[in-house]
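User: Please take a close look at the aromatic side chains in this structure, and set them in the context of the strands and helices around them. I would like one connected account with the cut-offs stated.

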Amino acid sequence: MIQQYEIGGNEVKTDASEAIAAIPENRTLLVEKLTSDEPVSPEAVSGLTTIEQVFEHYKPQINVEFQNEAGQAVKETFHFQNVGDFSAKQLTEQSPFLKSTATEKDFYDKLTRQLRSNKVLQRALENPESKQSLIAALQAVSEELSEAENV
């Protein structure tokens, strides 16, 4: 068998007769207990040949406790049916708390972009008198929203 080499490549001699691919160095392995229940007795499970079968058999889940801005505990359970469920997007989709937090973050990101690109607002903030008027108006709106919330 003729091997092709490219510039900058390194030859890796095979030491075994089986083709075993090396794990790339830019990967991270995270091992975590994904169920809250301790096994009563260890069991050897055979016949699981795909990752999907492993997830179906073990049904991994984890209970997580978040803390909201009021300092109260928010408890949620995450269920995992495939490797993709560990992504930030999928975790957010499973969690009402994370969904609301992500929505808030998106709102504030958009608001920040708008404020930075709004030339009229920037000119108003440069003038101390108009800046004070704007702050007073925002405080009035805030109070009005708080009163409407309490009704």
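Analyst: What follows moves from the overall make-up to the hairpin, then to the aromatic pairs and the surface of one helix.

This is a predicted model, in which local features need pLDDT of at least 70 and side-chain atom pairs count only at pLDDT 80 or more, whereas totals for chains, interfaces and linings use all residues. Residues are numbered from 1 along each chain as its sequence is written, and side-chain values use heavy atoms, with hydrogens and water left out.

The protein has five helices and two strands, where helices (H or I, at least four residues) and strands (E, at least two) are DSSP runs numbered from the N terminus. Read from the N terminus, the order of these elements is α-β-β-α-α-α-α. Of the 151 residues, 7% are buried, a term that stands for under 20% relative accessible area, with exposed meaning over 50% and partly exposed the range in between (1.4 Å probe, protein chains only). The protein exposes about 14,100 Å², of which carbon and sulfur atoms supply 54%; these areas come from the Shrake-Rupley method with a 1.4 Å probe, and for residues only the protein chains shown count as cover. Among contacts with a separation of 6 or more, 27% involve residues 24 or more positions apart, a contact being heavy atoms within 4.5 Å.

The strands β1 (residues 61–67) and β2 (residues 73–79) run antiparallel and are joined by seven bridges; strands are said to pair if DSSP finds at least two bridges between them. Gln 67 has Ala 73 of β2 as its bridge partner. Five residues separate the strands of this hairpin, and in the turn Gly 71 has a positive phi of about 85 degrees. Lys 75 sits in strand β2 and counts as exposed because its relative accessibility is 66%. Leaving aside residues up to four places away in sequence, Lys 75 touches Val 64 and Glu 65, while its C-alpha lies 9.9 Å from that of Ser 95, 20 residues apart in sequence.

Turning to the rings, a search of the whole structure finds five aromatic pairs. Phe 80 and Phe 86 count as stacked because their ring centres are 4.3 Å apart and their planes are at 5 degrees; rings of Phe, Tyr and Trp (its six-membered ring) pair if their centres lie within 6.5 Å, and planes under 30 degrees apart count as stacked, over 60 as edge-to-face and the rest as tilted. Within this pair, Phe 80 is buried because its relative accessible area is 5%, whereas Phe 86 counts as partly exposed at 36% relative accessibility. Another aromatic pair, Phe 107 with Tyr 108, is edge-to-face, at 5.3 Å centre to centre and 65 degrees between the planes. Ring pairs also link Phe 55, Phe 80 and Phe 86 into a cluster.

Phe 107 and Tyr 108 also belong, with Leu 111 and Leu 115, to a nonpolar surface patch that has about 390 Å² of accessible area together. Within the patch, Tyr 108 is partly exposed at 45% relative accessibility, and Leu 111, which lies in helix α3, is partly exposed at 35%. Helix α3 (residues 96–117) also holds Ala 102, which is partly exposed because its relative accessible area is 30%. From C-alpha to C-alpha, Ala 102 and Lys 89 are 9.9 Å apart in space and 13 residues apart in sequence. Patches are built from residues with over 30% relative accessible area and no salt bridge, joining like charges within 9 Å and nonpolar side chains (Val, Leu, Ile, Met, Phe, Trp, Tyr) within 5 Å, where a salt bridge is a side-chain nitrogen of Lys or Arg within 4 Å of a carboxyl oxygen of Asp or Glu.
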